[in-house]
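Biologist: Hey, I'm new to this one. Can you pull it up and walk me through it?

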Amino acid sequence: MHALWTSVLDFFFPRFCLHCHQRIQLTQEGFICDLCAKEFVLSDGACCQRCGRPMLPEAEHNLVCADCLETNPSFQFGITLFPYKGIGREFIQLLKYKNGQFLKSNLQALFKKFILKLSAFQGSTFVPVPLHYFRRWQRGFNQSEWIANLLSRHCQGKVKNALIRQRYTQSQTHLTREERKVNVSNVFSLKKRDVCNPHVHYVLVDDVFTTGATLNACASTLRKGGAQRISIFALAHG
Ligand SMILES: [Zn+2]
Ligand SMILES: [Zn+2]
């Protein structure tokens with residue numbers, strides 16, 4: 001019955017690969033064809049332990065990248081899954097700007113590939129990077145919250161919308177590292193006072209890690225609220 005229903009759905013709602021736009025076979029799940037799935041570059045080599053970005057081969061013997069050594073962020077550990085380019089970029093853009101919750105099974109498959117790495121987040125409390133209410137209304141959903149929900153199920157944790165974005169900030173896309181830092185300073189605050197438990201492992205969740213300014217601003221806010229164990233997670237690194 002299930003197989004019949006799936007083929008009926010497939011007949012009326014055929015799926016096309018987000019990358020090559022070919023029709024996806026019934027036997028395949030999600031919205032990336034098997035061929036393009038092979039193009040999905042995964043960050044499963046040596047990564048910076050602090051921010052999760054892959055290390056350049058010549059720096060692989062270091063545990064922490066040069067950026068983290070310089071900025072000394074308010075989070076201690078981080079994981080990212082793929083670079084923000086090619087199919088990875090298309091994935092994020094669809095998710096963010098085309099209401100891409102249909103990518104759920106693809107994301108779950110990615111989480112399964114990273115099962116070992118993600119075990120570091122087992123039982124954690126996932127805190128999505130908040131959108132300003134106006135942007136959330138425009139977009140219809142907060143992609144970071146959506147990612148946090150899926151990730152928390154994968155890691156048997158829970159989601160806590162502990163932060164609010166107080167100001168409407170301009171898009172960070174064309175800003176330099178320094179401008180990004182200024183752009184997000186004093187933007188986030190805790191929803192309630194004393195919301196952070198020093199014994200809880202908080203994992204901040206965002207879609208893309210670029211300079212880390214946003215995630216770091218969020219981490220500082222949690223830290224000021226009493227959190228001691230803070231990690232970050234982003235699908236892509238830019
Ligand atoms: Zn394809
Ligand atoms: Zn780093």
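Biologist: How many Å separate the centres of domain 1 and domain 2?
Modeller: 29 Å, taken over C-alpha atoms. This is a predicted model: local features need pLDDT of at least 70, side-chain atom pairs count only at pLDDT 80 or more, and totals for chains, interfaces and linings use all residues. Residues are numbered from 1 along each chain as its sequence is written, with chains lettered from A and ligands numbered from 1 in the order in which they are written.

Biologist: Where are the domain bounds?
Modeller: Domain 1 is 1-39 and domain 2 is 40-237; such bounds come from an automatic or database domain assignment.

Biologist: And how many residues are in contact between them?
Modeller: Nine of domain 1 with 11 of domain 2, where contact puts C-beta atoms, placed from the backbone, within 7 Å.

Biologist: What about the nonpolar core, how many residues has the largest one?
Modeller: It has 55 residues. A nonpolar core is a set of buried Ala, Val, Leu, Ile, Met, Phe, Trp, Tyr and Cys residues joined through C-beta atoms within 7 Å; buried means 20 or more other C-beta atoms within 10 Å of a residue's own. Val-127, Val-203 and Cys-218 are among those with the most contacts inside this core.

Biologist: Why does this core lie between the domains?
Modeller: Because domain 1 and domain 2 both give residues to it.

Biologist: Which residues does Cys-218 touch?
Modeller: Val-129, Leu-163, Phe-188 and Leu-204, leaving out residues up to four places away in sequence.

Biologist: Last one: how much of the protein is buried?
Modeller: 37% of the 238 residues count as buried.

Note on methods:
A residue is buried if 20 or more other C-beta atoms lie within 10 Å of its own, exposed if 12 or fewer, and partly exposed in between; C-beta atoms are placed from the backbone. Two residues are in contact if their C-beta atoms, placed from the backbone, lie within 7 Å.
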